[in-house]
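Work through these exercises with the model open beside you. Try each task before you read its solution.

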Amino acid sequence: MKQRLITGIIAAALFIPIVWAGGLIFTLGTYVIASIALYEILKMRSIDVLSIPGVISTATLWIFLLPNDYYDILNQLDYTKIESALLSVLLLLVYTVMKKNRFTFDDAAFSIFAMLYVGIGFYYFLVAREADILWVIFALLIIWTTDSGAYFIGKAIGKRKLWPDISPNKTVEGFIGGILSAIAAAWIFLILAPLEVNIWYLMFATVILSAMGQIGDLVESALKRHYGVKDSGRILPGHGGLLDRFDSLLFVLPLMKILQLI
């Protein structure tokens with residue numbers, strides 16, 4: 001517990017100034033975090049990030065993460081992000097032939113899907129920061145209060161298992177408690193923060209974001225269970241890997257765009 005607390009304080013001390021700074025510093029920080037997260041997920045399937053598939057996936061991730069301010073780079077080449085992903089698919093399929101199916105179609109599909117899973121989520125991290133730092137704070141607040149509410153309420157009154165085959169400690173009561181905690185936090189946040197959004201719509205959006213954030217956590221738990229790993233990495237002692245810390249955010253941020261909050 002002590003190690004977990006110390007790691008959390010150090011990580012926050014590094015993470016918060018980067019988010020606050022915005023601009024190029026935030027963009028570069030996001031690139032680093034996303035690249036490490038992709039490395040962690042590829043490692044689960046024993047794909048080396050320095051191998052040809054790893055390099056293709058990482059290069060495509062970096063293209064996907066290009067913020068709007070730098071989109072002219074692709075425009076000058078007359079390419080889109082979708083076309084870069086399609087090129088990656090073709091290259092990875094060619095590699096399956098070169099490796100005589102020692103690198104399989106499934107491996108190629110995993111590499112692309114891992115890149116999209118990580119890339120889309122972190123791209124909208126950049127979009128949220130560009131829109132307003134308050135939306136980044138809101139997203140983090142929803143995730144943290146959901147996690148805390150789910151943990152404490154689940155521990156206090158949780159009886160019915162939510163999804164025991166994937167995460168045996170999570171309960172239905174904790175899942176609902178997490179949503180209620182997020183609603184309370186969002187209500188207080190909107191009173192204090194000058195966001196121009198209808199309060200009732202924000203409450204509706206908070207329910208969806210809180211629920212999907214918890215599902216995002218379950219998705220990563222299912223992935224780790226499938227590949228027989230306890231944590232996605234060891235970069236954060238006591239917490240696991242970066243993917244373990246950002247799994248909910250990878251679901252919440254794209255949904256914030258879909259819900260037209262950012």
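**Exercise 1.** How are H7 and H9 oriented to each other: roughly parallel, roughly antiparallel, roughly perpendicular or oblique?

*Solution.* Remember that this is a predicted model.
Step 1: find the helices. H7 covers residues 133-157, and H9 covers residues 199-227.
Step 2: take the angle. The two axes cross at roughly 60 degrees and come within 10 Å.
Step 3: apply the cut-offs. Angles under 35 degrees count as roughly parallel, over 145 as roughly antiparallel and 65 to 115 as roughly perpendicular, with the rest oblique. H7 and H9 are therefore oblique to each other.
Step 4: add the hand. The crossing of H7 past H9 is right-handed.
Step 5: list the contact. From H7 come Trp135, Phe138, Ile142, Thr146 and Ala150. They meet Leu202, Thr206, Leu209, Ser210 and Gln214 of H9.
Step 6: sort by class. Six residues of this contact between H7 and H9 are nonpolar, four are polar and none is charged.

**Exercise 2.** Describe how H2 packs with H6.

*Solution.* Two packed helices are described by the angle between their axes and the distance between the axes.
Step 1: give both values. H2 (residues 23-44) and H6 have axes 10 Å apart, at an angle of about 155 degrees.
Step 2: name the arrangement. The cut-off for roughly antiparallel is over 145 degrees, so H2 is roughly antiparallel to H6.
Step 3: add the hand. H2 and H6 cross in the right-handed sense.
Step 4: look at the contact. Residues of H2 in it include Phe26, Ile33, Ala37 and Leu42. On the H6 side, Phe110, Tyr117, Phe122 and Arg129 are among them.
Step 5: sort by class. The contact of H2 with H6 has 15 nonpolar residues, three polar and one charged.

**Exercise 3.** Is Val118 buried or exposed? Ask the same of Leu61.

*Solution.* Step 1: place them. Val118 is in helix H6, and Leu61 is in helix H3 (residues 52-64).
Step 2: check accessibility. Buried means under 20% relative accessible area. Val118 has 0%, so Val118 is buried. Leu61 is also at 0%, and therefore counts as buried.
Step 3: find the neighbours, leaving out residues up to four places away in sequence. Val118 touches Ala34, Ala37, Leu38, Leu61 and Leu250. Leu61 touches Ala34, Ser35, Leu38, Met115, Val118 and Gly119.
Step 4: compare chain and space. Val118 and Ile41 are 77 residues apart along the chain, yet their C-alpha atoms are separated by 8.9 Å. For Leu61 and Lys81, 20 residues apart, the C-alpha separation is 9.6 Å.

**Exercise 4.** Which phi values do Asn101 and Gln260 have, and where do these residues lie?

*Solution.* Step 1: read phi. Asn101 has a phi near 70 degrees, positive although the residue is not glycine. Gln260, another residue other than glycine, has a positive phi near 60 degrees.
Step 2: place them. Asn101 sits in the loop between H5 (81-98) and H6 (105-131). Gln260 belongs to the segment after H11 (249-258).
Step 3: check accessibility. Exposed means over 50%. Asn101 is at 54%, so Asn101 is exposed. Gln260 has 69%, so Gln260 is exposed.

**Exercise 5.** In which sense do strands E1 and E2 pair?

*Solution.* Step 1: locate the strands. E1 spans residues 161-163, and E2 spans residues 167-171.
Step 2: state the sense. E1 and E2 pair in the antiparallel sense, over two bridges.
Step 3: find opposite residues. Lys161 faces Thr171 in E2.
Step 4: name the link. Three residues form the hairpin connection from E1 to E2.

Methods:
Residues are numbered from 1 along each chain as its sequence is written. This is a predicted model: local features need pLDDT of at least 70, side-chain atom pairs count only at pLDDT 80 or more; totals for chains, interfaces and linings use all residues. Side-chain values use heavy atoms; hydrogens and water are left out. Two strands pair if DSSP finds at least two bridges between them. Helices (H or I, at least four residues) and strands (E, at least two) are DSSP runs, numbered from the N terminus. Axes are lines fitted to C-alpha atoms, for helices over the stretch in contact, and angles run from 0 to 180 degrees between N-to-C directions. A crossing is left-handed if the near helix is turned anticlockwise from the far one by less than a right angle, and right-handed if clockwise. Contact means heavy atoms within 4.5 Å. Ala, Val, Leu, Ile, Met, Phe, Trp, Tyr, Cys and Pro count as nonpolar, Asp, Glu, Lys and Arg as charged, and the others, Gly among them, as polar. Buried means under 20% relative accessible area, exposed over 50%, partly exposed in between (1.4 Å probe, protein chains only).
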